[in-house]
Amino acid sequence: MALIHCPNCGQTISDKATLCPHYNRKNGNLSATDTVTCAECKAQYNKELSACPACGCPNNTNSPNKKKRKGIVVAAIILSIVLVIGLFGVFVISQGRATVYYNNLETVTYKMLDGAANAEKAGNLIKNVWYNAIYEKRDTVTDKYTLKNGKFVDDFNEALSNLFSDEEFHNSISAIQNNQAEVISLMKQLKNPPKEYEEAYSALKTYYDNYLSMTKMVVSPAGSLQSFSDEFNNADTETINSYEKMKLYLN
């Protein structure tokens, strides 16, 4: 066994040593990534040291300020990435909400159209039964409501009662009422539209008011034949017109 000088620090070490006790590194040359060159004496030494062991010149590459600046830069980069991700997330959520809103808008528009079409059919039948009962007019469609034992009923209310008691007509009225419930539920979900759909919602609201007025008339007809006919025909026309305006906002 013999003593030799560490090729890095010059200190005396055993030739059997695998680590220099002065640098805590393997005996031999340090890799380029493990060393720094002293700015004063040009000696190479372990970059982990705070100063050159040969001349004492400070190791600026390992200074706390530099590490601090590096940490600040890394933190700034991470913050920027987080902000970008956050803004993108807000955009995605906003777009998702707008898509859901439009789908509901489209659904309720056509659902009201279906309900209005069924209400129109039911309303016209009510008018015909009402008219034929009063003026004793025979008709293959209304006779089963206006006639009893081959004779006209004494009162149009009886004819209307027969109509609403009919299973097929009763089912059609129930379908209109179910349609109303579905439309009302959807309208509640559409109360607070995204900015880009505020104008569409205003048109939808007008359409909804006309639809609701029309469907309520056939579920509970009231007034005289003349007033019912006038109000129903007007509601029918207004519902169609408001639907045509609503279509402008649909793709």
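**A walk around the helix pairs**

Visitor: In which sense, left-handed or right-handed, does α5 pass α6?
Guide: This is a predicted model, and here we look at two of its helices. α5 covers residues 198–219 and α6 covers residues 225–246. The crossing where α5 passes α6 is left-handed.

Visitor: How do the directions of α5 and α6 compare, roughly parallel or roughly antiparallel?
Guide: Their axes come within 8 Å and cross at roughly 155°. Angles over 145 degrees count as roughly antiparallel. That makes α5, relative to α6, roughly antiparallel.

Visitor: How many residues in the contact of α5 with α6 are nonpolar?
Guide: On the α5 side you'll find Leu204, Tyr207 and Met214, among others, and on the α6 side the list includes Phe228, Phe232 and Tyr243. Sorted by class, the contact has three charged residues, five polar ones and, for nonpolar, 13.

Visitor: How are α3 and α4 set to each other?
Guide: Take α3 (residues 156–165) and α4 (residues 167–189): their axes come within 5 Å and cross at roughly 75°. An angle from 65 to 115 degrees counts as roughly perpendicular. So α3 and α4 are, to each other, roughly perpendicular.

Visitor: Which residues of α4 make the contact with α3?
Guide: α3 brings Leu163, Phe164 and Ser165. By class, the contact has four nonpolar, two polar and one charged residues. The α4 side is Glu167, Phe169, His170 and Ile173.

Visitor: Where does pLDDT stay under 50?
Guide: The protein's mean pLDDT is 84, with 78% of its residues at 70 or more. Where pLDDT is low, the predicted coordinates shouldn't be read in detail. One stretch has zero contacts beyond four places in sequence, and its pLDDT stays under 50: residues 84–93.

Key
Residues numbered from 1 in each chain as written. Predicted model: local features only at pLDDT ≥ 70, side-chain atom pairs only at ≥ 80, totals over all residues. Heavy atoms only, no water. Axes fitted to C-alpha atoms, helices over the stretch in contact; angles between N-to-C directions. Helix = DSSP H or I, 4+ residues; strand = E, 2+ residues; numbered from the N terminus. Parallel < 35°, antiparallel > 145°, perpendicular 65-115°, else oblique. Left-handed = near helix turned anticlockwise from the far one by under 90°. Contact = heavy atoms within 4.5 Å. Nonpolar A, V, L, I, M, F, W, Y, C, P; charged D, E, K, R; others polar. pLDDT = per-residue confidence, 0-100.
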